[in-house]
Amino acid sequence: MAKILVNNNGPLFGEVKISGAKNAVLPLLAATLLTDETCVIEGAPDLVDVEVMKKMLLNYGASIDTSEEGVIKVTAEEIASVEADPEVVQEMRASIFTMGPMLARAGKVVMPMPGGCTIGKRPIDLHLKGFRALGAEIVEEDDKVIVSVGPEGLVGDAIYLDFPSVGATENILMAATLARGTTIIENAAKEPEIIDLANLLNKMGARIKSAGTDMIRIEGVEKLTGCIHGVIPDRIETGTFMLAAAITRGRLLIKNGLPGHVRPIISKLKECGVFVDATPEGILVDATEGELVATDIKTLPYPGFPTDIQSPFMAFLTTVKGESVVRETVFENRFMHVVELNRMGAGITTWNSSEATVPGGKKLRGAKVRATDLRAGAAMVLAGLVADGMTEVSEIYHIERGYENFVGKFKAIGADIMKIDED
């Protein structure tokens, strides 16, 4: 079982280049199923989750060329199967992104219930609601769901989402591109990843307007074509390295990060006393001067504070002066990392599943901790960067699902960190 060992090595300095966004590239790859022509995805990160999505596409009959680094060429000339492989689906919740494209292209998809991080229920009812509104018939069994349409295909409709779910918005968006007539998604998610997907689909010949707002309009077309598209930078990786500079009281230039995508993180770091500046070279984060102080955070759908940065930011808040309150409103089970931070002496109190008090000013100590989910794993490493003694992080497969060259990038900016493999 692989582990990450990290020691306190003082402030981090230097530059780090942000990779393509995990949460963008997965639906982009799924969207390639919508056409029988070749789609080229450039700037794709080398991640475990990307490998899982490639297996999903191969299972459906697509061919994939990865001969060029960071470039994935997908050609789904023929759909060989409409049933997803249960073992592959259990590796990653984002497998469900293939439902919309498969339904639109093949008229049917059989999807086992997905796996992924255990950060909450995250049911797929909103996805199914959207498919049903487009004319699909849905049969739910104990371990899978079967979604199909008749010979008339999908038909556009107005769909209101009870919650601005990113996944549901993306799945419905992809399905609606080949539906007859107009589809309107109301209370749609606004994340940059939604805009990136819409940009790809429009390059393929879709007619999508107002992506990035709470009402997206899709005019269905008969056929989509291949295209070339570059993945946007990962805003969660950007935030993670911003916090690495802050927690170690270092100075980092974060290249390729987009300031407009991380405004809430920038704002909260500034409230704590961290210097942040958007320069032509990248986002400069400097925490070498002055005393840093507490602030409160509340996670919200975009453009609010991102839930994926909540646990890394909480690790940072353990080190500043004063008490902070962290409120989680997106996922109901996203405080599992609190137990692990408390093993390191954080002294965090949770009042319910959605609110925690962070006393701050703590001197953390190294301990054996778990990466309870992808972002919690990053939080444990950040805490280990400032803890006395060695921190041993296990279950790091979560981290490798979402961060490209995680250990290598931290080493390059001065972190005392290494990955070990144990039997």
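What follows is a chat about helices, a pocket and some single residues in a predicted model.

Me: Before we start, what kind of model is this?
Reply: It is a predicted model, where local features need pLDDT of at least 70 and side-chain atom pairs count only at pLDDT 80 or more, while totals for chains, interfaces and linings use all residues. Residues are numbered from 1 along each chain as its sequence is written, and side-chain values use heavy atoms, with hydrogens and water left out.

Me: Great. At what angle do α6 and α7 cross?
Reply: Roughly 10°, and the axes of α6 (residues 166-176) and α7 (residues 192-203) come within 10 Å. Helices here are DSSP runs of H or I with at least four residues, strands are runs of E with at least two, and both are numbered from the N terminus. The axes are lines fitted to C-alpha atoms, for helices over the stretch in contact, with angles from 0 to 180 degrees between N-to-C directions.

Me: Parallel or antiparallel, then?
Reply: α6 and α7 are roughly parallel to each other. Angles under 35 degrees count as roughly parallel, over 145 as roughly antiparallel, 65 to 115 as roughly perpendicular and the rest as oblique.

Me: Which residues meet there?
Reply: From α6 there are Val-166, Thr-169, Glu-170, Leu-173 and Met-174, and they meet Glu-193, Ile-194, Leu-197, Ala-198 and Leu-201 in α7. Contact means heavy atoms within 4.5 Å. By class, this contact has seven nonpolar residues, one polar and two charged. Ala, Val, Leu, Ile, Met, Phe, Trp, Tyr, Cys and Pro count as nonpolar, Asp, Glu, Lys and Arg as charged, and the others, Gly among them, as polar.

Me: And Ala-176, is it buried or exposed?
Reply: Ala-176, also in α6, is buried at 0% relative accessible area. Buried means under 20%, exposed over 50% and partly exposed in between, with a 1.4 Å probe and protein chains only. Leaving aside neighbours within four places in sequence, Ala-176 is in contact with Leu-134, Thr-183, Ile-218 and Gly-220.

Me: How many residues of α1 are buried?
Reply: Nine of the 10 residues in α1 (residues 22-31), so this helix is largely enclosed by the rest of the structure. Among them are Lys-22, Val-25, Pro-27 and Leu-29.

Me: Switching to pockets: how much space lies in the second largest one?
Reply: About 230 Å³. Of its 14 lining residues, the closest to the centre are Ser-19, Gly-20, Gly-43, Ala-44 and Glu-404. The lining has five nonpolar, five polar and four charged residues.

Me: What counts as a pocket?
Reply: On a 1 Å grid over the protein atoms alone, a pocket is an open set of points with protein on both sides within 12 Å along at least five of seven lines, whereas a cavity is a set where a 1.4 Å probe fits but cannot get out; lining residues have an atom within 4 Å of a point. Grid points are joined across faces, edges and corners, and the volume is the space filled by probe spheres set on the points.

Me: What does Glu-237 touch?
Reply: Apart from neighbours within four places in sequence, Glu-237 is in contact with Lys-17, Ile-18, Ser-19, Tyr-403, Glu-404 and Lys-409. Glu-237 sits in α8 (residues 235-247) and is buried, with 3% relative accessible area.

Me: Now backbone oddities. Which peptide bond is cis?
Reply: The one from Tyr-302 to Pro-303 is cis, with omega near 15°. Pro-303 lies in the loop between β17 (297-298) and α10 (310-317). Most peptide bonds are trans, and most residues other than glycine have a negative phi.

Me: Where do I look for positive phi?
Reply: Try Asn-187, with phi near 60°, and Ser-210, with phi of about 70°. Asn-187 is in the loop between β10 (182-186) and α7, and Ser-210 is in the loop between β11 (207-209) and β12 (215-219). Asn-187 is partly exposed at 23% relative accessibility, and Ser-210 is partly exposed at 42%.

Me: Last one: how far apart are Thr-225 and Glu-37?
Reply: They are 188 residues apart in sequence and 5.7 Å apart in space, C-alpha to C-alpha. Not counting residues up to four places away in sequence, Thr-225 touches Thr-35, Glu-37, Cys-39, Lys-203 and Met-204.
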